Amino acid sequence: WFSQVVPIDRELRVWAFRDQHLDTYEKVMCRPNEYARIGRNFGNGFEFQLTQEHPDATQQALLALRAVPLDFAAVDLIVGKDGRTYVLESNTAIGAIRSKSQATLGKLADCIVEWDRQGHPSWP
């Protein structure tokens, strides 16, 4: 709800494991007839759709992961009409099925398997 302070151009969710970008999704209005109250969420007709990587959003998401620190998160960001990227939050329990991000979950599983094969290296 920063739209008055930072007018929103795009809202993104960047999935990352440690320093590795997995995928980027954009929140888009898919069901306008369901928009009934304030908020850009699933209940109001918005959904995340896989999109091209946004390099600045990826960089900010990876910095957010290290700041917390988390091994994995889906970081929500907005790209303002001013062109700047703003981190909103880091999600650790993502609604993957609702987000239609099963393929990204597969990438995450592959990262975890590789981390295990490497003997669980510490990070950061």
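Helices and strands are runs assigned by DSSP, with at least four residues for a helix and at least two for a strand, and they are numbered from the N terminus. With that convention in place, Arg-18 can be located in the loop between S1 and strand S2 (20-29). The structure described here is a predicted model, and this loop is a convenient place to enter it.

S1 and S2 form a hairpin with two residues between them. The two strands pair in the antiparallel sense over six bridges, and one pairing to look for is that of Trp-15 with its bridge partner in S2, Asp-23. In the turn, Arg-18 has a positive phi near 55 degrees, in a residue other than glycine. Is Arg-18 buried or exposed? Residues under 20% relative accessible area are called buried, and Arg-18, at 10% relative accessibility, therefore counts as buried.

From this hairpin the reader may follow S1 to its other neighbour. S1 also pairs with S4, again in the antiparallel sense, over nine bridges. Among the pairings, Ile-8 has Gly-80 of S4 as its bridge partner, and Glu-11 stands opposite Ile-78 in S4. S1 itself is mostly covered, with eight of its 10 residues buried.

S4 deserves a closer look. How many residues of S4 are buried? Nine of the nine are, so the strand is largely enclosed by the rest of the structure. In a regular strand the side chains alternate between the two faces of the sheet. Both faces of S4 are covered: on one side the buried residues are Phe-72, Ala-74, Asp-76, Ile-78 and Gly-80, and on the other they are Ala-73, Val-75, Leu-77 and Val-79.

S4 is joined to a further strand as well. Six bridges link S4 to strand S5 (residues 85-91), and the two run antiparallel. In this pairing, Val-75 has Ser-90 of S5 as its bridge partner. The hairpin of S4 and S5 has four residues between the strands, and there Gly-83 takes a positive phi near 85 degrees.

The next topic is the nonpolar interior. The largest nonpolar core has 13 residues, of which Val-14, Ala-57, Ala-61, Leu-65, Val-75 and Leu-77 touch the most other members. Strand S1 (8-17), helix H1 (55-67) and strand S4 (72-80) are the elements that give two or more residues to this core. H1 supplies the largest share, five residues. Val-75 shows how these elements meet: leaving aside residues up to four places away in sequence, Val-75 touches Leu-12, Arg-13, Val-14, Ala-61, Ala-64, Leu-65, Val-87, Glu-89 and Ser-90. There is also a second, separate core of 10 residues, which includes Trp-15, Leu-22, Tyr-25 and Ala-74.

Two details of the backbone complete the tour. Where does Pro-69 lie? Pro-69 is in the loop between H1 and S4, and the peptide bond from Val-68 to Pro-69 is cis, with omega near -20 degrees. The second detail is His-120, found in the segment after helix H2 (102-117). His-120 has a positive phi of about 60 degrees although it is not a glycine. A residue between the limits of 20% and 50% relative accessible area is called partly exposed; at 43% relative accessibility, His-120 therefore counts as partly exposed, whereas Arg-18 counts as buried.

Note on methods: Residues numbered from 1 in each chain as written. Predicted model: local features only at pLDDT ≥ 70, side-chain atom pairs only at ≥ 80, totals over all residues. Heavy atoms only, no water. Core = buried A, V, L, I, M, F, W, Y, C linked by side-chain atoms within 4.5 Å. Buried < 20%, exposed > 50% of the residue type's maximum accessible area, 1.4 Å probe, protein only. Contact = heavy atoms within 4.5 Å. Pairing = 2+ DSSP bridges.
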